[in-house]
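Q: Could you take me through one part of this model slowly, strand by strand and helix by helix? I would like to see how a sheet and the helices beside it fit together, and then how other parts of the chain compare.

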Amino acid sequence: MKARLRPGRALLVVLTASGLALGAAAAAAAPGQPSAGSGVRAARAVTAPAASTCDPKASSLSPSGPPQVTAGSFMATIRARGYLIAGVDQSTYHFGFLNPLTGQIEGFDIDMIKAVATAIFGDPGKVRFKAISDEQRIRDVTDGTVDIVAHTMTITCQRLQEVDFSSVYFDAGQRVLVLKNSTATSLDDLHGQKVCATRGSDSVARIQAHQAIAVQVPYWTDCLVLLQQGDVAAISTDDSILDGLVAQDPWTKIIGKPLSDEPYGLAISKQHPEFVRFVNAVLQQLRTNGQWAASYRHWIGTPVASVPQAHYAG
């Protein structure tokens, strides 16, 4: 660590670094494998909308009814394998993080995956979590390394050309995190300064659009270390992620109004439209039976936000 690291902050950095190391170990211990049903299937009936007509919040496929594992479906392939493979984050507090006390990956995103596993197996524990970076999300779901990704992943028109998404299960907005002694009040105050984001996140383009210098790293906790060491002036990403960083470092603060709308979806390969409909049926149950609100209250806090309503393209 650099000599200019402030007194009293070393413990926070050490905890961040140890969490990443434990996460890497967990990923190595339970790697995802390409699924037996990951081969190319017949072309799907409903394709991703063209960019000119794209509505990220209404781009998914509607449920066919309650979640059911039908013969010959991708859900049946997953059930025969014996576990669901999910690509998740390991370092985003509240959403997907490795708990060093339990050795388990936990969070709001993880609850969404456990609900899908329950619908397939009747058991939320039949999941193998594969810790991945933002940059790996699309690649791992398209090549069949994972069945589904739950990773604070914003539905965008560009991403819809490569993967399918569930309906929106969380709404966020991009903001900015700085040290408490910073005089910046918005991203516009950081022209020409270094602002951190992860590679593969849609935050990078917005940082560059505001004439700041985007410093790209694998994980958001890497950004926190750079901010603590004075190597960047700020971090900019979804407020949901920044809230978790503030909880880890009370010498930081979130500034400015939301710069964007960031609707989160669960990413699924375009080869499995029946799985998209199945997952949307699971999410609809969570919206109506109180489980979504309970998970929000447990991981994010109160007051509980309004659950995002589902809108579909077909």
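A: What follows is a walk through one sheet and its helices, with a few stops elsewhere afterwards. Please keep in mind that this is a predicted model.

Let's begin with the sheet itself. It is open, has 5 strands, and is ordered S11-S10-S12-S9-S13 with mixed pairing. Its edges are S11 and S13 (252-255), each of which pairs on one side only. From one strand to the next, the twist averages 35°.

Now zoom in on the S11 edge. Strand S10 (residues 194-198) and strand S11 (residues 213-217) run parallel and are joined by 5 bridges. You can trace the pairing by picking out particular residues: lysine 194 stands opposite isoleucine 213 in S11, and threonine 198 has valine 217 of S11 as its bridge partner. How does the chain get from one strand to the other? S10, helix H6 (residues 203-209) and S11 form a β-α-β unit, and this unit is right-handed. As background for viewing the strands, side chains in a regular strand alternate between the two faces of the sheet.

Next come the helices on the sheet. Helix H7 lies across S9 (174-179), S10, S11, S12 (234-238) and S13, and runs at about 155° to S12. Helix H8 also packs on the sheet, where it touches S9, S12 and S13, and its direction makes about 130° with that of S12.

H7 and H8 meet each other as well. Two packed helices are described by the angle between their axes and the distance between the axes. For H7 (residues 220-228) and H8 (residues 239-248), the axes come within 11 Å and cross at roughly 50°. That angle is why H7 counts as oblique to H8. The crossing of H7 past H8 is right-handed. On the H7 side the contact involves Trp220, Thr221 and Leu224, which meet Ile241, Leu245 and Gln248 of H8. Sorted by class, this contact has 4 nonpolar, 2 polar and no charged residues.

Another helix pair makes a useful comparison. Helix H3 (residues 108-121) and helix H9 (residues 273-289) have axes 10 Å apart and pack at an angle of about 110°. H3 is therefore roughly perpendicular to H9. Here Met112, Ala115, Val116, Ala119 and Ile120 of H3 meet Phe275, Phe278, Val279, Val282, Leu283 and Leu286 of H9. The class count for this contact is 11 nonpolar, no polar and no charged residues.

There is also an open sheet of 3 strands, in the order S2-S3-S4 with antiparallel pairing. S2 (91-92) and S4 (104-106) are at its edges with a single partner strand each, so one side of each has no neighbour in the sheet. Strand S3 (residues 96-99) is joined to S4 by 3 bridges, and the two run antiparallel. Among the paired residues, asparagine 99 has glutamine 104 in S4 as its bridge partner.

Finally, two backbone details deserve a look. Most residues other than glycine have a negative phi, and most peptide bonds are trans. Histidine 94, in the loop between S2 and S3, has a positive phi of about 90° although it is not a glycine. The peptide bond from threonine 302 to proline 303 is cis, with omega near 0°, and proline 303 sits in the segment after helix H10 (291-299).

Conventions:
Residues are numbered from 1 along each chain as its sequence is written. This is a predicted model: local features need pLDDT of at least 70, side-chain atom pairs count only at pLDDT 80 or more; totals for chains, interfaces and linings use all residues. Side-chain values use heavy atoms; hydrogens and water are left out. Two strands pair if DSSP finds at least two bridges between them. Helices (H or I, at least four residues) and strands (E, at least two) are DSSP runs, numbered from the N terminus. A crossover is right-handed if, with the strands pointing away from the viewer, the path from the first strand over the helix to the second runs clockwise. Axes are lines fitted to C-alpha atoms, for helices over the stretch in contact, and angles run from 0 to 180 degrees between N-to-C directions. Angles under 35 degrees count as roughly parallel, over 145 as roughly antiparallel, 65 to 115 as roughly perpendicular and the rest as oblique. A crossing is left-handed if the near helix is turned anticlockwise from the far one by less than a right angle, and right-handed if clockwise. Contact means heavy atoms within 4.5 Å. Ala, Val, Leu, Ile, Met, Phe, Trp, Tyr, Cys and Pro count as nonpolar, Asp, Glu, Lys and Arg as charged, and the others, Gly among them, as polar.
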